[in-house]
Amino acid sequence: MDGSARSPMAAHVASPAELRDRIEAERRGRPFLVLREEDGPQRPQRIVDLEPELSRLSIGRAPQNDVDLQWDTEVSRLHAELEQIGGEWTVSDDGLSRNGTFVNGSRISGRVRLRDGDVVRVGRTQIAFKRPEAEDSMPTQVAGGTGRPALTELPPLQRKVLTALARPYKHDEFAVPATNQEIADELHLSVDAVKSHLRTLFGRFGIEHLPQNQKRSRLVAEALQAGLVSVRDL
């Protein structure tokens with residue numbers, strides 16, 4: 001099976017309620033997994049919190065696995081393992097599976113360290129690994145504030161930047177946000193202007209404290225969940 005083959009799950013776009021659940025999971029400050037159960041017309045989202053006391057989780061089709069994927073016939077009974085080593089989460093296959101395990105489209109051999117935003121594919125199932133910033137490092141929020149600007153408060157150009165940033169998510173909920181250059185090309189702006197608008201948006205959404213590799217995807221999730229950008233806009 002080609003590691004670059006697109007999963008049938010890639011056509012699903014997360015609902016506002018599902019995005020809200022992900023944002024709440026991020027705010028808990030612990031690593032977690034996001035996947036979809038393929039059986040059923042709406043393929044419900046599943047979030048698996050990786051608690052600090054956990055050291056190992058098994059992934060496979062057998063119901064005894066910690067992450068059981070009984071619906072996916074391309075997944076082996078015991079397919080792969082997640083293991084926490086020195087505070088870092090890793091994934092390994094070590095010949096357990098018949099069809100292999102992929103991280104970001106590349107088939108792995110042995111053990112691979114996972115980083116925030118990595119997508120693990122086993123069989124036809126995609127599993128996103130998220131490692132948010134620890135909650136105790138987040139600044140105190142203003143009382144009564146949601147951290148999200150109202151739609152009418154967002155200048156038109158900032159809304160266009162948000163939409164362009166989120167555009168890759170139109171057909172793939174495990175996509176990565178558009179790059180500054182892609183946004184600049186779409187909106188006929190300079191890259192510096194795009195960076196300036198994004199810095200403003202990070203501040204308006206109260207996420208400027210997050211690591212750089214998390215800000216962009218968090219901004220997309222917040223904007224979609226709040227209705228500032230809709231799937232139709234993409």
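**Entry 1: a loop to begin with**

In which loop is aspartate 94 found? I traced aspartate 94 to the loop between strand E6 (88–92) and strand E7 (101–103). For helices and strands I used DSSP runs, numbered from the N terminus: H or I over at least four residues for a helix, E over at least two for a strand. Before going on, I noted that this is a predicted model, where local features need pLDDT of at least 70, side-chain atom pairs count only at pLDDT 80 or more, and totals for chains, interfaces and linings use all residues. Residues are numbered from 1 along each chain as its sequence is written, and side-chain values use heavy atoms, with hydrogens and water left out.

I then looked at the backbone of aspartate 94, which has a positive phi of about 50° although it is not a glycine. That caught my eye because most residues other than glycine have a negative phi. Aspartate 94 counts as exposed because its relative accessible area is 55%. My cut-offs are under 20% relative accessible area for buried, over 50% for exposed and partly exposed in between, with a 1.4 Å probe and protein chains only.

**Entry 2: the whole chain**

I tallied the secondary structure and got 5 helices and 11 strands. Of the 234 residues, 47% count as buried. The chain exposes about 11,700 Å², and carbon and sulfur atoms supply 48% of that area. The areas come from the Shrake-Rupley method with a 1.4 Å probe; for residues, only the protein chains shown count as cover.

I also checked contacts, meaning heavy atoms within 4.5 Å. Among contacts between residues at least 6 apart in sequence, 52% join residues at least 24 apart.

**Entry 3: helix H3 and what follows**

Which residues of H3 are buried? In this helix (residues 180–187), I found Asn180, Ile183, Ala184 and Leu187 buried. They lie on the same side of H3 because they cover an arc of only 100° around the axis, the arc being that of the directions from the helix axis to the C-beta atoms.

I stayed with isoleucine 183, which counts as buried because its relative accessibility is 0%. Leaving out residues up to four places away in sequence, isoleucine 183 touches Val161, Ala164, Leu165, Ala178, Val194 and Arg216. I took one of these partners further: isoleucine 183 and alanine 164 are 19 residues apart in sequence and 5.6 Å apart in space, C-alpha to C-alpha.

Next I stepped past the helix. H3 is followed by histidine 188, whose phi is positive, about 55°, although it is not a glycine. Histidine 188 sits in the loop between H3 and H4, and its relative accessible area of 73% makes it exposed.

**Entry 4: two nonpolar cores**

I searched for nonpolar cores, that is, sets of buried Ala, Val, Leu, Ile, Met, Phe, Trp, Tyr and Cys residues joined through side-chain atoms within 4.5 Å. The largest has 29 residues, and Leu162, Ile183, Leu198, Leu201, Phe205 and Leu219 touch the most other members. Helix H1 (16–27), helix H2 (156–166), H3, helix H4 (191–204) and helix H5 (212–226) are the elements that give two or more residues to this core. A second, separate core of 21 residues includes Leu33, Leu35, Leu69 and Val103.

Leucine 219 seemed worth a closer look. Apart from its neighbours within four places in sequence, leucine 219 is in contact with Leu162, Leu165, Leu198, Leu201, Phe202, Phe205 and Ile207.

**Entry 5: two arginines and a leucine**

Is arginine 121 buried or exposed? It is buried, with a relative accessible area of 6%, and it lies in strand E10 (residues 119–122). Arginine 121 lies over the face of phenylalanine 102, at 4.3 Å from the ring centre. My test here was NZ of Lys or CZ of Arg within 6 Å of the ring centre and within 35 degrees of the ring normal.

Arginine 22, in helix H1, is also buried, at 13% relative accessible area. Beyond four places in sequence, its contacts include Phe32, Gln45, Glu173 and Phe174.

Last came leucine 57 in strand E3 (residues 56–60), buried at 4% relative accessibility. Its partners beyond four places in sequence include Val48, Leu50, Ala80 and Trp89. The C-alpha atoms of leucine 57 and alanine 80 are separated by 8.7 Å, with their positions 23 residues apart along the chain.
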